Amino acid sequence: MLRNLLLLFLFVFAGCKDHGLINESSIKMIKAVRYRTPTDSITQTFTTSGEIAHIVKGLNSNKKEPVYFTAPDCDIYIIYRDSTLNVLCRGNAIKYKGATYRLKNSVAEILY
């Protein structure tokens with residue numbers, strides 16, 4: 001009984017170390033639309049597993065923080081087999097599912 005209690009205690013305090021917003025497991029492609037002006041944009045497509053892993057790691061290195069979001073300067077579309085997620089980006093802040101997050105690096109650094 002004591003052994004089971006110790007194991008439960010260990011699992012509770014060990015926890016999962018990586019709580020990412022975006023699950024990398026079944027992503028087919030990532031599309032980034034960067035806006036230079038309101039009428040001019042650049043679209044980049046990332047399909048290799050290395051590029052996808054780098055972008056997901058950059059987006060998952062965040063801290064939830066209230067950020068006033070005006071207009072995004074980049075839209076990132078994460079395309080799965082059966083759905084698409086949209087992440088709005090501005091500088092080093094993102095808006096995902098209605099919540100805002102501060103990134104460790106800017107989106108421009110993550111995409112290049």
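A disulfide is taken here as a pair of cysteine sulfur atoms within 2.5 Å. The exercises below apply this and other criteria to a predicted model.

**Exercise 1. Determine how many disulfides the structure holds, and explain the outcome for Cys-74.**

Begin with Cys-74, whose closest cysteine sulfur is that of Cys-89, at 4.6 Å. Next, set this distance against the cut-off of 2.5 Å; the sulfur of Cys-89 is too far away for a bond with Cys-74. Cys-89 is likewise in no disulfide, the nearest cysteine sulfur being that of Cys-74. The count therefore comes to zero disulfides by this rule. As for their surroundings, Cys-74 is buried, with a relative accessible area of 2%, and Cys-89 is also buried, at 0%.

**Exercise 2. Check whether the length of α2 agrees or disagrees with the span expected at 1.5 Å a residue, and list which of its residues are buried.**

First, take the twelve residues of α2, which should span 16 Å at 1.5 Å a residue, where the product uses one less than the number of residues. Second, compare this with the end C-alpha atoms of α2, which are 16 Å apart, so that the two values agree. Third, turn to burial, for which the threshold is a relative accessible area under 20%: in α2, the buried residues are Ile-52, Ile-55, Val-56, Gly-58, Leu-59 and Asn-60. In considering such a list, recall that an α-helix has 3.6 residues a turn, so residues three or four places apart point the same way.

**Exercise 3. Identify which residues of the largest nonpolar core touch the most other members, and which elements supply this core.**

The largest nonpolar core has 23 residues, and Ile-30, Ile-76 and Ile-78 touch the most other members. At least two residues of this core come from each of β1 (27–37), α2 (49–60), β4 (74–80), β5 (84–90), β6, β7 and α3 (107–111). To look more closely at Ile-78, leave aside residues up to four places away in sequence; the residues that Ile-78 touches then include Ile-22, Met-29, Ile-30, Leu-59, Leu-85 and Val-87.

**Exercise 4. Locate Lys-97, and state what is notable about its phi and whether it is buried or exposed.**

Lys-97 lies in the loop between β6 (93–96) and β7 (99–103). Its phi is positive, at about 55°, although Lys-97 is not a glycine. With a relative accessible area of 67%, Lys-97 is exposed.

**Exercise 5. Describe the order of helices and strands, and how much of the protein chain is buried.**

The protein chain has three helices and seven strands, which follow the pattern α-β-β-α-β-β-β-β-β-α along the sequence. Of its 112 residues, 30% are buried.

Note on methods: Residues numbered from 1 in each chain as written. Predicted model: local features only at pLDDT ≥ 70, side-chain atom pairs only at ≥ 80, totals over all residues. Heavy atoms only, no water. Helix = DSSP H or I, 4+ residues; strand = E, 2+ residues; numbered from the N terminus. Buried < 20%, exposed > 50% of the residue type's maximum accessible area, 1.4 Å probe, protein only. Core = buried A, V, L, I, M, F, W, Y, C linked by side-chain atoms within 4.5 Å. Contact = heavy atoms within 4.5 Å.
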